[in-house]
Amino acid sequence: MRITTVDAFTDRPFAGNPAAVCLLATPRDEQWMRNVAREMNLAETAFLVPRDDGFDLRWFTPTVEVDLCGHATLGSAHALWEQGVLPPGTTARFHTRSGLLTAVQREGWIELDFPAKRATEVAPPPGLLEALGAPARWAGKSQFDYLIELESEAAVRSLKPDLGSIAQLPVRGVIVTARAEQGSDVDFVSRFFAPAVGVPEDPVTGSAHCCLSPYWTGKLGRDSLTGYQASPRGGIVRVRLAGDRVMLGGQAVTVLNAELVE
């Protein structure tokens with residue numbers, strides 16, 4: 001079996017978020033997929049099984065299966081087109097725990113159709129702001145994560161959170177964000193910490209932008225925005241809110257093709 005590593009949400013190797021993509025001829029058992037994901041030791045490994053109208057798609061971190069993952073879906077679509085499994089221009093259709101997700105090619109970018117995950121304002125739970133080491137301008141909670149707006153882009157970039165404390169929170173992870181500095185070519189910046197699911201800091205998180213898109217659309221008054229996830233690897237995500245859906249735009253680069261022998 002071929003297994004491919006794709007750097008997602010970037011146009012150059014060794015940036016963005018790496019995902020492993022494994023296309024299977026037939027389904028494999030869950031423990032085997034967990035073992036492969038642990039072996040790959042990336043934020044997510046995607047497993048694809050062909051079906052009549054697309055592919056079944058599941059995502060695993062090194063420790064758990066997750067309900068929604070943007071970068072590994074982007075990487076999966078990129079690999080399918082690049083390897084000729086899907087003809088160029090064909091829509092990629094993925095059946096997942098989060099319903100039907102699609103990917104299309106648009107002028108050198110890949111656009112994903114994902115569900116919006118709006119955050120509702122809440123009081124920060126005990127210990128969260130202490131773990132972040134920064135005051136919040138706004139705090140909310142989506143289906144998966146806490147969303148914390150900080151006072152500035154510099155505050156987001158300089159954050160050094162207590163990951164052990166964050167891992168104790170009853171959520172997948174914590175998104176921190178701020179409006180980009182004046183004159184920037186992006187609208188907002190973010191970082192994402194998910195130690196509870198085996199991802200201390202995710203390099204670029206498509207699913208977090210399902211929450212960031214409606215949040216910043218509401219604050220900035222524009223449906224189409226550009227975000228930068230300010231991890232050490234970094235990556236650009238274009239977002240466009242369309243009702244209860246978010247279109248996530250990104251690029252991708254293959255960095256490794258290997259043979260999985262076990």
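This tour moves through a predicted model, going from its paired strands to its aromatic side chains.

Begin by selecting strand β2 (residues 17-23), where six of the seven residues are buried, so that the strand is largely enclosed by the rest of the structure. Add strand β1 (residues 2-8), which runs antiparallel to β2 and is joined to it by six bridges; on this side, Val6 can be found opposite Ala19 of β2. Then bring in strand β3 (residues 44-51), which pairs with β2 in the parallel sense over five bridges, and look for Leu23 standing opposite Leu48 in β3. Following the chain from β2 to β3 takes you through helix α1 (residues 30-40), and the β-α-β crossover made in this way is right-handed.

Turn next to the aromatic side chains, among which a search of the whole structure finds six pairs. Select Phe55 and Phe94, whose ring centres lie 6.4 Å apart with the planes at 40 degrees, so the pair is tilted. Because Phe55 belongs to strand β4 (residues 54-60) and Phe94 to strand β6 (residues 92-96), the pair ties together parts that are 39 residues apart in sequence. Phe55 counts as buried at 6% relative accessibility, and Phe94 counts as buried at 0%.

From there, select Trp138, Phe188, Tyr215 and Trp216 together, since these residues form one aromatic cluster.

Finish with two arginines placed over rings: the charged end of Arg28 sits over the ring of Trp32, 4.1 Å from its centre, while Arg238 lies over the face of Trp109, at 3.6 Å from the ring centre.

Definitions and conventions:
Residues numbered from 1 in each chain as written. Predicted model: local features only at pLDDT ≥ 70, side-chain atom pairs only at ≥ 80, totals over all residues. Heavy atoms only, no water. Phe/Tyr/Trp six-rings, centres within 6.5 Å; stacked < 30°, edge-to-face > 60°. Helix = DSSP H or I, 4+ residues; strand = E, 2+ residues; numbered from the N terminus. Buried < 20%, exposed > 50% of the residue type's maximum accessible area, 1.4 Å probe, protein only. Lys NZ or Arg CZ within 6 Å of the ring centre and 35° of its normal. Pairing = 2+ DSSP bridges. Right-handed = clockwise from strand over helix to strand, strands pointing away.
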